[in-house]
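User: I am new to this structure and would like a close look at a single part. Please start there and then work outwards.

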Amino acid sequence: MSVSPRSSASFPLFKALFAAGAYFLCTAIALQLTRFDGGVAIVWLAGAVLFSLLSITPRRRWWPLLLACLPAGIASIGLFGFGGWLTLPLAVIGVAEAWSAAWLMKRVHPRFGRFESVTEALRFIVVVGLLVPAVSALAGAVCAHLAKGIPYGSAWRDWFTAHALGFVVFSPPLLLALRGQIGGWLRSVRRPQALEATGLLGAVTLCAAITFGQDVVPLVVLPIVPMVAATFRLGRFGAVASVVILLTVGLGCSLAGLGPTMLLHATMTLRLEVLQIYFASVVVILLPLAGELEARQHLLRQVRAADALHRLIIERTSDVMMRLGADGTIRYVSPAALREWGYRPEDLVSRCAYDIVLAADLPAVVEARHRTLENSEQTISVEYRLIRKDGTAVWVESHMCGAPGADGQPNGTISIIRDTTRRRMAMDELERQAMTDPLTGLANRRAFDSALETAVTSHRGGCLALFDLDHFKLINDRYGHATGDRVLTLFAAVLHGTTAHDESAGHVVARLGGEEFAVLFRGASLDQARLLCERVRLRLAASESRSLTGEVVSVTVSVGLAPLVPGETAEQILRDADAALYRAKDGGRNRLTIAA
């Protein structure tokens with residue numbers, strides 16, 4: 001709802017007038033009813049009223065409230081208090097006390113006024129209930145001593161007691177009411193809770209009436225029981241409503257000459273001070289309790305929201321979430337295990353997680369869990385193969401972190417496990433493509449160089465053969481590159497087919513580039529390699545390829561063969577085979593030459 005400029009401007013004025021009226025009324029009542037023998041007022045509600053109004057008002061708008069309450073205090077003190085020249089200083093002290101209490105609370109607790117935690121309640125009691133009244137009593141006691149000759153110590157005690165208890169007892173109900181917390185609770189309450197609230201607060205009223213409606217038996221503990229119950233069941237509203245009921249019944253009966261304080265053989269001043277100490281004790285008990293309950297309710301709401309989100313994520317995600325004990329026993333597994341692996345969660349719980357890990361990958365998984373348990377702050381990832389219920393193995397990636405126990409130390413691990421089989425297959429395919437010649441399907445130069453380097457360093461022996469198609473440039477020039485590609489494909493088939501029978505030895509067949517090919521005969525003797533190379537040469541010479549126009553294309557190949565000599569590097573062996581190849585070409589082509 002929009003607020004017109006006129007109504008917006010008139011609101012601070014209305015609030016200031018309301019504050020002045022409430023401050024005058026509370027001051028007048030306290031001075032009229034609770035000043036005994038012309039001394040200091042024993043009950044002081046005015047400070048709590050101004051403090052509460054300041055606490056809910058932005059600091060930039062405090063001055064209208066303070067300037068409105070100051071003349072109200074002067075008028076009330078002049079009419080019903082000490083009067084005379086001390087009227088102004090007493091009024092200033094009262095207004096300054098409420099201002100300093102509100103200012104300090106904004107400094108020590110910026111969100112003050114909701115009593116949502118024990119910390120807030122304790123800070124309020126220390127600052128507003130002890131520190132500020134103790135300081136203001138120093139000046140107030142001087143005025144009382146000068147006005148009536150009251151001993152300074154007694155004046156300080158009465159002032160401090162009245163103002164401290166007034167702040168502690170009356171401020172919380174006023175603050176929560178002014179902030180709309182009580183009204184909000186009443187508007188949102190449902191019928192069953194309303195009936196429960198009526199019963200609990202009725203019990204508080206009854207116990208308060210029994211306690212303060214007679215002066216025979218001191219039943220001061222009796223109202224506390226339903227008040228605590230109301231706080232537990234109704235929260236801050238229950239605490240505040242109980243305090244208001246107790247204040248209304250207890251103060252009214254005590255001023256009428258009834259209640260447990262009448263059993264004290266003391267002055268009315270002392271009786272009201274004891275009564276306020278009782279009220280303050282109840283507030284000190286209920287406020288932190290209500291704050292702690294509110295904090296726990298807030299935490300519970302957060303936990304429930306997080307739990308709902310957690311369940312939604314677990315039920316919808318394809319990732320499997322698993323919790324393991326320190327010994328690797330599965331304590332929990334999410335429902336996704338059935339969709340992804342074929343296992344029902346109950347089939348896996350209490351089993352050892354290592355049972356479904358492929359044996360070859362088990363050391364990596366154990367080592368990753370060991371590192372996780374040693375450093376619970378770090379998230380460790382490991383990729384391994386997992387055995388599905390149907391016996392097939394899938395690649396998964398597990399991100400795990402430590403699960404802290406009651407002592408804060410990890411007593412297990414929590415894992416999020418994702419199927420990476422498709423990614424792994426894609427990576428393998430990319431790696432295969434990176435190592436494969438796209439035209440012939442043979443290994444490319446990169447794969448061959450890696451294989452040759454491995455063969456040399458392994459010292460298993462073998463031979464290296466280099467093949468170069470004779471007059472291949474002329475074939476390209478005469479018949480075109482498409483026919484040249486057919487020739488290359490034909491030779492690749494002959495080369496691979498001739499060495500395929502000895503594939504168990506791990507021979508590597510590669511196209512190095514253009515019309516140049518190579519075969520790495522792992523573990524083969526020079527005679528074995530020479531025999532295979534001759535078969536390749538003869539089979540190619542006997543083979544025919546055709547151009548796109550159907551013409552027969554004959555092609556031959558020259559071969560250079562070199563043994564893998566211990567102590568020589570891959571570059572040296574490659575140079576030896578290349579030199580042998582050139583000798584074969586110089587010798588007339590279509591022949592094999594062995595390196596010297």
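How many residues of helix α2 (residues 46-55) are buried, and why does that matter for how it is enclosed by the rest of the structure?

Analyst: A word first: this is a predicted model. In helix α2, 10 of the 10 residues are buried, so the helix is largely enclosed by the rest of the structure. The cut-off for buried is under 20% relative accessible area. The buried residues of α2 begin with Ala46, Gly47, Ala48, Val49 and Leu50. Phe51, Ser52, Leu53, Leu54 and Ser55 are buried as well.

Take Phe51 next. This buried residue of α2 belongs to an aromatic cluster with Phe112, Phe124 and Phe167. So much for the helix itself; now its cluster partners.

Phe124 leads on to another helix. Phe124 is in contact with leucine 287, and leucine 287 lies in helix α11, which covers residues 268-316. Leucine 287 has 7% relative accessibility, so it counts as buried. Setting aside neighbours within four places in sequence, leucine 287 also touches Phe115, Ala121 and Pro172. Leucine 122 gives a distance to go with this. Its C-alpha atom is separated from that of leucine 287 by 8.8 Å, though the two are 165 residues apart along the chain.

Aromatic residues come up elsewhere too. The structure holds 12 aromatic pairs. One pair is tryptophan 99 with tryptophan 103: the ring centres are 6.3 Å apart and the planes meet at 20°, so the pair is stacked. The cut-off for stacked is planes under 30 degrees apart. Both tryptophans sit in helix α4 (residues 87-108). They are four residues apart, about one turn of the helix. Tryptophan 99, at 35% relative accessibility, counts as partly exposed. Tryptophan 103 counts as partly exposed at 33%.

Last, a space in the model. The second largest pocket holds about 280 Å³. It is lined by 15 residues, and the closest to its centre are Ile29, Val43, Leu45, Phe170 and Leu251. Three helices each supply at least two lining residues: α1 (5-33), α6 (152-178) and α10 (236-255). Helix α10 gives the largest share, five residues. By class, the lining has 13 nonpolar residues, two polar ones and no charged ones.

Methods: Residues numbered from 1 in each chain as written. Predicted model: local features only at pLDDT ≥ 70, side-chain atom pairs only at ≥ 80, totals over all residues. Heavy atoms only, no water. 1 Å grid on protein atoms, 1.4 Å probe; cavity = no way out; pocket = protein on both sides within 12 Å on 5 of 7 lines; lining within 4 Å. Points joined across faces, edges and corners; volume = space filled by probe spheres on them. Nonpolar A, V, L, I, M, F, W, Y, C, P; charged D, E, K, R; others polar. Phe/Tyr/Trp six-rings, centres within 6.5 Å; stacked < 30°, edge-to-face > 60°. Buried < 20%, exposed > 50% of the residue type's maximum accessible area, 1.4 Å probe, protein only. Contact = heavy atoms within 4.5 Å.
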